[in-house]
Amino acid sequence: MSTATLHRWNEIEPEQLNPLLTRQFVTGALAMFARVVLAKGCIVPRHSHPNEQITFITEGSLRFDYDDGTSHTVKAGEILVIPGNLPHSATALEDTIDFDIFAPPRQDWIDKDDSYLR
């Protein structure tokens with residue numbers, strides 16, 4: 001039988017990936033929950049992953065750009081669902097706090113094999 005595990009953001013060491021981007025995450029068996037803090041002007045380069053991503057912006061705004069020339073600007077209180085394997089990039093239009101759910105968990109993040117963010 002499984003047991004529940006309680007986590008606290010203030011007890012999870014923030015990982016400074018570059019001068020404009022920090023992240024924290026918690027991983028379960030089937031999903032990952034991440035808190036990502038982006039300073040205005042931060043660019044997450046084009047990438048894709050097999051994981052479905054659900055992005056919820058609590059502060060600021062983040063523009064997601066896709067290969068077909070379309071984009072979504074996601075503002076505080078809005079949620080974006082990105083299917084697995086859809087190439088995308090993101091730009092912080094202002095200081096932003098982003099919570100992401102990935103299913104399954106991002107193994108590249110767990111293994112720190114995510115050089116596109118560093």
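A residue counts as buried under 20% relative accessible area, as exposed over 50%, and as partly exposed in between. Keep that scale at hand for this predicted model, where Arg-118 has 45% relative accessibility and is therefore partly exposed. Arg-118 also belongs to a network of salt bridges that links it with Glu-15, Arg-23, Lys-112 and Asp-114. The structure holds 9 salt bridges, and its strands include an open sheet of 6 and an open sheet of 4. Here is a friendly tour, topic by topic.

**Glu-15 and its salt bridges**

- Let's start with Glu-15, which lies in strand 1 (residues 15-18) and is buried, with a relative accessible area of 14%.
- One salt-bridge partner of Glu-15 is Arg-23, with 3.1 Å from N to O between the two side chains.
- Arg-23 has a relative accessibility of 2%, so this residue is buried, the cut-off being under 20%.
- A salt bridge also joins Glu-15 to Arg-118, where the closest N and O atoms are 2.9 Å apart.
- That pair connects distant parts of the chain, since Arg-118 sits in the segment after helix 1 and Glu-15 in strand 1, 103 residues apart.
- Lys-112 forms a salt bridge with Glu-15 too, and here the closest N and O atoms are 3.3 Å apart.
- Glu-15 and Lys-112 are 97 residues apart, with Lys-112 in the segment after helix 1 (107-110).
- Lys-112 has a relative accessible area of 49%, which makes this residue partly exposed because exposed would require over 50%.

**The sheet of 6 strands**

- If you trace this open sheet across, the strand order is 1-2-3-10-5-8, and the pairing is antiparallel.
- Strand 1 and strand 8 (79-82) are the edges; each has a single partner strand, so one side of each lacks a neighbour in the sheet.
- From one strand to the next, the twist averages 25 degrees.
- Strand 1, home of Glu-15, runs antiparallel to strand 2 (residues 21-27), and 3 bridges join the two.
- To find this pairing on screen, look for Gln-16, whose bridge partner in strand 2 is Thr-22.

**The sheet of 4 strands**

- This second open sheet has the order 4-9-6-7, again with antiparallel pairing.
- Strand 4 (43-47) and strand 7 (71-75) are its edge strands, each pairing on one side only.
- Direction ignored, neighbouring strands here are turned by 15 degrees against each other on average.
- Strand 6 (residues 61-66) pairs with strand 7 over 5 bridges in the antiparallel sense.
- Within that pairing, Leu-62 has Val-74 of strand 7 as its bridge partner.

**Ser-89 in strand 9**

- Ser-89 is found in strand 9 (residues 88-92), and strand 9 stands between strands 4 and 6 in the order 4-9-6-7.
- With 16% relative accessibility, Ser-89 is buried, because the value falls under 20%.
- Setting aside neighbours within four places in sequence, Ser-89 contacts Val-44, Pro-45 and Arg-46, and also Arg-63, Phe-64 and Asp-65.

Methods. Residues are numbered from 1 along each chain as its sequence is written. This is a predicted model: local features need pLDDT of at least 70, side-chain atom pairs count only at pLDDT 80 or more; totals for chains, interfaces and linings use all residues. Side-chain values use heavy atoms; hydrogens and water are left out. Buried means under 20% relative accessible area, exposed over 50%, partly exposed in between (1.4 Å probe, protein chains only). Two strands pair if DSSP finds at least two bridges between them. Axes are lines fitted to C-alpha atoms, for helices over the stretch in contact, and angles run from 0 to 180 degrees between N-to-C directions. Contact means heavy atoms within 4.5 Å.
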